[in-house]
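Visitor: I'd like a close look at one part of this structure, the place where the ligand sits. Could you walk me through what is around there and what the neighbouring side chains are doing?

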Amino acid sequence: MSHSLFLLPGDGIGTEIMAEVEKLIAHLNASGATDFVTDTGLVGGCAYDAHGAAISDADMEKALKADAVIFGAVGGPKWDNVPYDVRPEAGLLRLRKDLQLFANLRPAICYPALADASSLKKELVEGLDILIVRELTGGVYFGEPKEITDLGNGQKRAVDTQVYESYEIDRICRVAFDLAKTRGKLVHSSDKKNVMKSGVLWDEVARQAAKDYPDIRFEHILADNCAMQLVRNPKQFDVIVTDNLFGDILSDAAAMLTGSLGMLPSASLGAPDPQTGKRKALYEPVHGSAPDISGKGLANPIAMIASFAMALRYSFGMVELADKVEAAIAGVLDDGLRSADIMQDGCRQVNTAEMGDAIIARL
Ligand code: IPM
Ligand code: MG
């Protein structure tokens, strides 16, 4: 059966790392393992240059129709001064909102070959396998009012609104509990209930939902303590479920434990369609567009390729193939191949395309 993928490489290194995924798709299609049909669109600064918007309506239509969206990265200094509504990030936020991708899965896995590349001691991160489940369509990134007003006395006032309704908390917690069943059966729910009403409600709803999962151990942790524990003793965690803002911050911290932001994939999923059971989904690396290294062949394509592996796993049920791609990534690292960001003594530095080729060769 053929599946449609809508590719949105974006800006900066986005195009370079997406080229490696395109090679991988071509390889899998040629081998008969898959039958992907791809189409490519513009998002971020390049979409602004072409259409004056961070994503065009036509490309939004394609994203809504595709079986999965594969997204690179957006932004760069060139677009620092474009109007706020059409800044590159607005394209990503519109995709998340319009596709209703409320569940963002961000695994932080430490590949054995990279335990030395972490900024933490090897024994703290060796074997690390955390999954951060971040709420992605609510909270302070989307709440209204969201504005800056001129007070007229030489002062201005900025407001962002942190807002959650119980259904939004309930559905993201259930995603976390369901995933924990397939892993370490432990969920930490993280909020700031000691100072925020949204945190009080978060905890109340999370605990209520937890009652339906008697085989899962439920722990509450304040978000600031969670940040501290992530760098103190990260292996105490299995699944962490949290809101949009805390999830953004905690997932960057968790990512760095693994050695490089260039290693980490993510999946953003919607609710299953009641008729077909299919979920809308977008897959993207956790890292950004890295304008400083773009065009130099220095970008690490692993997070992008691992994001594609998550698409195989979560959108297409191709679990064995996803395992194989992930094993190929671990394999090239074991072989001593490194992109610049994870370069270590005694290893061989390769460029973006060589890393992509090596992963395909390993397959
Ligand atoms: C992320 C990014 C985005 C976010 C930006 C690019 C809007 O930091 O995916 O973590 O804040 O969600
Ligand atoms: Mg972020």
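Guide: Sure, let's start with a pair of side chains: those of Asn244 and Arg134 are joined by a polar contact of 2.7 Å. Keep in mind as we go that this is a predicted model. Asn244 lies in helix H9, which covers residues 244-257. Is Asn244 buried or exposed? Buried counts as under 20% relative accessible area, and Asn244 has 1%, so it falls in the buried group.

Now follow Arg134, the partner in that contact, over to the ligand. An N or O atom in the side chain of Arg134 is 2.8 Å from an oxygen atom of ligand 1. So what does the side chain of Arg134 have on its two sides, according to these contacts? Asn244 is one partner, and ligand 1 is another.

Arg134 has company. For Arg96, the distance from a side-chain N or O atom to an oxygen atom of ligand 1 is 2.7 Å. Asp248 has a side-chain N or O atom 2.8 Å from an oxygen atom of ligand 1. On its own, ligand 1 would expose 320 Å², and the protein buries 74% of that area.

Let's step back and look at the whole ring of neighbours. Which residues are around ligand 1? They are Glu89, Arg96, Arg106, Arg134, Tyr141 and Asp248. Sort this shell by type and you get five charged residues, one nonpolar and no polar ones. As for where all this happens, ligand 1 sits in the largest pocket.

If you'd like another side-chain pair to set beside the Asn244 one, try Asn104. You'll find Asn104 in strand S4, residues 103-109. The side chain of Asn104 makes a polar contact of 3.2 Å with the side chain of Ser268. Asn104 has 0% relative accessibility, so this residue counts as buried.

To finish, here is a residue with the opposite label. Glu123 has its place in helix H5, residues 122-125. With a relative accessible area of 52%, Glu123 is exposed, because exposed means over 50%. Glu123 also shows how a chain can bring distant parts of its sequence to a given spacing: Glu123 and Lys235 are 112 residues apart in sequence, and their C-alpha atoms are 9.9 Å apart in space.

Definitions and conventions. Residues are numbered from 1 along each chain as its sequence is written. Chains are lettered from A and ligands numbered from 1 in the order in which they are written. This is a predicted model: local features need pLDDT of at least 70, side-chain atom pairs count only at pLDDT 80 or more; totals for chains, interfaces and linings use all residues. Side-chain values use heavy atoms; hydrogens and water are left out. A residue is near a molecule or strand if one of its heavy atoms lies within 4 Å of it. A polar contact is a pair of N or O atoms within 3.5 Å; within protein, one must be able to donate a hydrogen and the other to accept it, and residues adjacent in sequence count only if both atoms are side-chain atoms. Accessible areas come from the Shrake-Rupley method with a 1.4 Å probe; for residues, only the protein chains shown count as cover. On a 1 Å grid over the protein atoms alone, a cavity is a set of points where a 1.4 Å probe fits but cannot get out, and a pocket is an open set with protein on both sides within 12 Å along at least five of seven lines; lining residues have an atom within 4 Å of a point. A molecule sits in a cavity or pocket if more than half of its atoms lie within 2 Å of its grid points. Ala, Val, Leu, Ile, Met, Phe, Trp, Tyr, Cys and Pro count as nonpolar, Asp, Glu, Lys and Arg as charged, and the others, Gly among them, as polar. Helices (H or I, at least four residues) and strands (E, at least two) are DSSP runs, numbered from the N terminus. Buried means under 20% relative accessible area, exposed over 50%, partly exposed in between (1.4 Å probe, protein chains only).
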